[in-house]
Structure formats: structure tokens, C-alpha cells
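Q: Please take a close look at one part of this protein, the strands that form a hairpin, and set that part in its surroundings.

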Amino acid sequence: MCGIAACVGADYSAHIVKHLLIQIQHRGQEGAGLAWITPQGQHRLIRNFGYVVNAIPDVQEQAPMAIGHVRYSTTGTYTRKIEELHPMYIEDGENVLFLAFNGTIANYKQLRKELEQYYTFVTDTDTEVLLKLIHREIKLRKDIIEGVRQALTKVQGSYSLVLMTKNVLVLARDPYGFKPLSILKKDNILLACSESCALTTLMAETTDNIMEVEPGQIILCTKDLEIFYNNVDREPERRAFCAFEYVYFARPDTIFNGVVIYDARRRMGELLGEDENETIDIVVPIPETGRVAAYGYAYRTGKPIEDILVKVRYLGRSFIMPKELRSQIARFGIVSTRLRGKSIALVDDSLVRGTTMRNLVNTLRRLGACKIHVRIASPPIRYPCFMGIDFPTRQELVAHGRDVEEVRKIIEADTLRYLSVENLVKAIGLPEKDLCLACFTGQYPIPLDVSEKEREFYREG
Ligand code: SF4
């Protein structure tokens, strides 16, 4: 998962894109990048590791066009090479092609083999393959839209992307619609961002003026803000909006496929609270992403909610840290006086590896909770994702090959309940056929061999 942003038409587009990236920092914390075109047609690029505010200085230079990226790597070896950060680029004579993308190209290794006769590769990432594939097709077709269309027709996987040359910006979303991408056209400016929350927050806009790039749509925007719409030349039988965006990834004030993330999470919590048969004294949300579901759960069960877990704010999202950087970090402070002798419902959005939950359950018990009922506002994650989330092997998933009781024993809770797949779909409110639920069900929307992909995507930790 990553975040992308773009701006065309503002005097200081690079400055605006930096601030869009800050709004979507939760989508990637390994590094950030910003590329822009000056009014004189020169191109500039800054890429650095760390959070946006540290990685990218304030850009004072005028720029009619800019794109940017926050990185969360899902392919390649985690090496901390600056070349792995986006935007990636190819200089081509007088022109340049920049790419920033969010997603995972499942067939990138095969595509790379075909491209190796034309290009030298400096990273092991799918992004570099995608950039070179698009560059090659544009050269062959001598037309940017035709080149992008042809390249994307060869790609299997998930992507929302922004491309920039010295003259145009191109936006595209894969035909399944896995990942979000929103746009806002206001006065003489076009803004694009992975999440609508960045556009509404930065521009103080209502959501009415935000559009989502349609699945399979390609949008070309010139420096003069002429906009052309086109489509990827491949129509899948179905959509596959990532259900995990609703569960965990996106910010609550984002709209994804017309659904407000907050509303979906709240409904997940309410449905989770249906038929609760344990005695619960207090509902304890696991911050931040478990909180909205906990509100729904507390509302449905009629139990008081107590925010007694205090998130250590400056830690970042441990889930999207590369595995090499994850450690037994202390993620929460605990107001222990509120839990002594209490039976608590501990509500989280999802359970992936289970190690953080087991540590937390044990700590809460040690601090005096008498019963700990873990409530998860999504179904058991039993299968890996090859479309943009970094849980690539079955062995890493605590629920793979285990029933709920076996998982309960591992996390050492008194009871454990998950939301069913049926209720997850109901909470999101979109037809099941339009959602990717593969990490819960093992039914992948794109044809792939799980064992083969696990080998390809496995990264040494
Ligand atoms: S497998 Fe899960 S995380 Fe991956 S795209 Fe599908 S729903 Fe999203």
C-alpha cells in the first residue's frame, strides 16, 4: 500500500502536493518523494526516507505540475535504496517520465524478464518494471495514452497511478478498482490523491465536489487543464474493491467507491455487537483504527466505552513498518485504574499476526482486568495478499489453518469473536461481487497460484 498525489494548474503545485502527502502519511511511512516541473520546463525531484515533513523540505519554487508519493513497500527486498522511492523516472532526450503508484503488480517478474533486453534495472521493485513497460509502450505507439493503455493491458494486479511528463499528467486506476484514487477540479486547478480526505481537508471542500477515478479509467490532463478521458483496454468480469481499505487502511473521513469509511467501520462494530452473550463491563477500543468499530459495538451492546489505551503517537503504524523494523515495541500506555476487576471487550479492526494482541491481553490481565473478550471487526485473515498489503505468506497469519478457538488460545483471551464475511459485506454496503475479500476467503479476483506467489513475494525478515 502507498499513497499518491498530484496537482496541475496551481502556481505552487509542489507545495500543494507535499501537503496532500502529509494528509495521507498513514498509507506509507518508509519514505516520500516529490517531482515537479518548473514554469521553464525543467524537472526536479526530491526523495528521502522518513515521514513527509522530514523527507521533503518546503518547496518555494513555482511549479505548474507536480506529483508525489508516500511509500510502503510490498515487493522487492527492503534495502533502503533511494532508487526504490517514488516518483521513479526515466529521462528521455528532452523529456522525462515520472511515475508514482499504489498497488502491486502480481506478474512483474515475468514482465521484467521481457523488458530486460531493452532496459537495465536498478531495483527489484514492481514499480520500476511498470515504469519501463509504460515507457517502452509509449515509444512504440508514439502516443502517451495509447502507450499507457497498451502497457496496462499487460499488467495483472492492482494499481492506482500518476504519471507526469513535462507537458501532461496521467491518472489511472486498474479495471478491478482495487485501490482508491480521487480527484478534485476547482477553479483552474486539478488535484488528485489516493484518499479523498486529503482533498477535502486541504481545500476545505465538501465531499460533493470530489470525484473518484473510475475503475479502468485513464485521465490525461494537459498543463493548460484540458482533460481527456479514456479506458484501459481490458474489461474484467467484476470489480474488486479492497475490503481491507474499509477495515483498516483508509482514513475514516475518506470516501471509497461512494462509501464513507467511518460509516462502514461503525456498522462493522454494530454488527459485531449483535448477539453479544458475554458479561461486559467496559468496551476498550484499540487505537486508532479499532476505535470507530468500538463505538458501533458499544452502541449496539449498550456498554460504556473507555479509551484507556493511549497510543504512543510518534511511533507510526507498526503494521506498515517493514518487518525488519518491527520489534516488540510498546505501542500503548494504559490507564490501569479503569480496568481493575473489570470484564472488558477489547475491540480491534483486524487480527493479522496475533503477537501484538497476545502481548496486550497479557498486559491487561496483569494490570487487573478479570476477563478479556477480544472482538475483531473483520473476519479471520487466512490468506496472503498479492494486491498491495504486506501479509504475503500464510505462515505469518495467525488464523491461517486454525479455527477461532485455536486462535483464542494463542492470543490468550477469555473469548474471541470475529465479524463474519457476510456481515463485513453488509457493513460496507456494496455488492459482494464488487469487493476483493481474498485475504478472508482465499478466493482471488485475479488468477494466481498462491504458493508460487508466496515464493516470489517473500522478503527475508
Ligand atoms: S486480499 Fe485483502 S488486502 Fe489484498 S486487496 Fe484483497 S481485500 Fe485488500
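A: Strands here are DSSP runs of E of at least two residues, numbered from the N terminus, and two of them pair if DSSP finds at least two bridges between them. The model is predicted. In it, β9 and β10 form a hairpin with two residues between them. One residue of that turn, D187, has a positive phi of about 50 degrees. The two strands, β9 (residues 182-186) and β10 (residues 189-193), run antiparallel and are joined by five bridges. Within this pairing, K185 has L190 of β10 as its bridge partner.

β9 also pairs with β11 (residues 210-212), in the antiparallel sense and over three bridges. Here L184 stands opposite I210 of β11.

Next, the contacts of L171. Leaving aside neighbours within four places in sequence, L171 is in contact with L181, I183 and A192, as well as A6, V162, V213 and I219. L171 is also among the residues with the most contacts inside the largest nonpolar core, which has 142 residues. Others in that group include A5, A6, V17 and V162. Domain 1 (3-236) and domain 2 (260-453) both contribute residues to this core, so it lies between them. The centres of the two domains, taken over C-alpha atoms, are 32 Å apart.

Finally, the ligand. Among the residues around it are F178, C242, A243, C385 and C436. Two or more residues of this shell come from each of α7 (243-249) and α13 (438-441). By class, the shell has 11 nonpolar residues, one polar residue and no charged ones.

Conventions:
Residues are numbered from 1 along each chain as its sequence is written. This is a predicted model: local features need pLDDT of at least 70, side-chain atom pairs count only at pLDDT 80 or more; totals for chains, interfaces and linings use all residues. A residue is near a molecule or strand if its C-beta atom, placed from the backbone, lies within 6 Å of it. Helices (H or I, at least four residues) and strands (E, at least two) are DSSP runs, numbered from the N terminus. Ala, Val, Leu, Ile, Met, Phe, Trp, Tyr, Cys and Pro count as nonpolar, Asp, Glu, Lys and Arg as charged, and the others, Gly among them, as polar. A nonpolar core is a set of buried Ala, Val, Leu, Ile, Met, Phe, Trp, Tyr and Cys residues joined through C-beta atoms within 7 Å. A residue is buried if 20 or more other C-beta atoms lie within 10 Å of its own, exposed if 12 or fewer, and partly exposed in between; C-beta atoms are placed from the backbone. Domain bounds come from an automatic or database domain assignment. Two residues are in contact if their C-beta atoms, placed from the backbone, lie within 7 Å.
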